[in-house]
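Open the model in a viewer and switch to a cartoon representation. The stops below can be selected one after another.

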Amino acid sequence: MYTDMTDENDKLQEACGVFGVFCNDPNKDAVLPVYYGLLSLQHRGQESAGIAAVKNKALECRKGMGLVGEVFNPEILNRIQGPAAVGHVRYSTSGTSSIENAQPFVSRFKLGSIAVAHNGTLTNADVVRELLEDAGSGFVSSSDSEVIINLITKNYKKGFERSLTDTIKFIKGSYALVILTDDALVGARDPNGLRPLCLGKRDEDWLLASESCAIDAVGGAFVRDIEPGEVIVIHREQVVSFSFSEKTRRALCAFEYVYFARPDSILDGVDVYGARLRAGQILGRESAAAADLVIGVPDSGCPAAIGYSRATGTPFGLGIVKSKYVGRTFIAPNQDLREKAVSVKHNVIRSEVQGKRVILIDDSIVRGTTSRRLVSLLRQAGAGEVHIRVCSPPVRFPCFFGIDTPHRKELISNTNSVNELCASLGADSLAFLSVEGLLESLDGEGGYCLGCFTGEYPVSVPGEANSIGS
Ligand code: SF4
């Protein structure tokens, strides 16, 4: 019997990536740039991908299960041309992993057509869905994102902008939205800016993206982040921006910097690589251990390992290799193979670690399965001591804002003290970055959601006692 113990399941999983292009020239094509943008956002979701484009008020959409490169080929891309397009890559946190829940969601109706791509999770989706169903609306998916498109179309007779602001005043939770109408590309970010969204430009064309790395990928220039509570409407003649919420308090997900985002992205003015480097430096300052070598768990542990090395003077080395070709079809080892510490995902460079006291830097510990296996592999390869240092605080609480977290009791730091966890992982010592250290690694000014570390959420969550208000 195979059990679900992949290394991927030992990480919090990102929810989605969104990308949109609006070409001022109606003869230009926006679909190919969206395809390239989605490829560079693939790390944010690998379950399904979709692109919708509009041309002469006709909206076409193609979506499928799998990676962007699996869903789209030149023939399919040719069938959906248009000067404005939006795209989406999905990892399911709300609704099942199925084609019905793949995005963008599309609605064609008497007054026009609309496509919606959503990154985030609505905390009141069930209530809103019930109200809509009672009022006669039908749903084709189990995704919370379909609630958004249903609300917009229901109120469309008031005009698009009015129906959008009415919708986003009604929904709660996290959302970075990229919306395509017959004649506009629209971006919106929730009042706390929990999920990232930024604006770029390429010649006369406008771009909206979850991360700035996608703007770079299509040869665009970063313009600015969309502000929490801001809507931006891009028409051929003009770009209009307005705030739909008086009460905004920035609370961008701190885990974007720890693990989710690509290191070459800049989110809300803070570059991700720099934040990881600083986290490692602060970790070195907070909890140095005598050692001969510091190594990072690839990929996101490596910048922090470099930072730790710089802060402590411990030499940095590449002690662990990660196979990039173990994909979604990976069949996890059975109990017998696991006990032999078989790992197809990671392997240790024996000559680098043999006889050494090793510091192993990881970005986070969720279930602890990867750390336990790596400690075992390092010891088998002859490491004298293994000290784990984690460049984020212990993950003790679930996320309600679009990140897939295991149940509370499966979060190993929820049920174990640091000493108990250290013993369970088989390490010689274990230390985590403090919450203050994490904030210092960002910009020291706050404005981040730290809910999965502290249990204090920026938006009240049904059934959860703690909220730091909005
Ligand atoms: S609870 Fe954690 S993962 Fe979720 S948005 Fe907040 S910081 Fe990010």
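**From the sheet to the ligand**

Start with residues 198–202, strand β9, in this predicted model. Four bridges tie β9 to β11, and the two strands run antiparallel. Show side chains here and pick L199: R224 in β11 is the residue opposite.

Next, widen the selection to the whole sheet. Seven strands make up this open sheet, and reading across gives β3-β2-β4-β1-β10-β9-β11, with antiparallel pairing. Colour β3 (58–65) and β11 (221–225) separately: these are the edges, and each has a single partner strand, so one side of each lacks a neighbour in the sheet. On average, neighbouring strands of this sheet are turned by 15 degrees against each other, direction ignored.

Now add residues 31–40, helix α1, which packs on the sheet. The strands touched by α1 are β1 (16–22), β2 (48–55), β4 (84–90) and β10 (205–209). Look along β4 to compare directions: that of α1 makes about 20 degrees with that of β4.

Move on to residues 105–109 and 112–119, strands β5 and β6. The two form a hairpin, with two residues between them. Five bridges join these antiparallel strands. Within the pair, F105 stands opposite V116 of β6.

Finish at the ligand. Which residues are closest to the ligand? Select C253, C399, C449, G451 and C452; they are the closest of the 12 residues that surround the ligand. Colouring this shell by class gives 11 nonpolar residues, one polar and no charged ones.

Terms used:
Residues numbered from 1 in each chain as written. Predicted model: local features only at pLDDT ≥ 70, side-chain atom pairs only at ≥ 80, totals over all residues. Pairing = 2+ DSSP bridges. Axes fitted to C-alpha atoms, helices over the stretch in contact; angles between N-to-C directions. Contact = placed C-beta atoms within 7 Å. Near = placed C-beta within 6 Å. Nonpolar A, V, L, I, M, F, W, Y, C, P; charged D, E, K, R; others polar.
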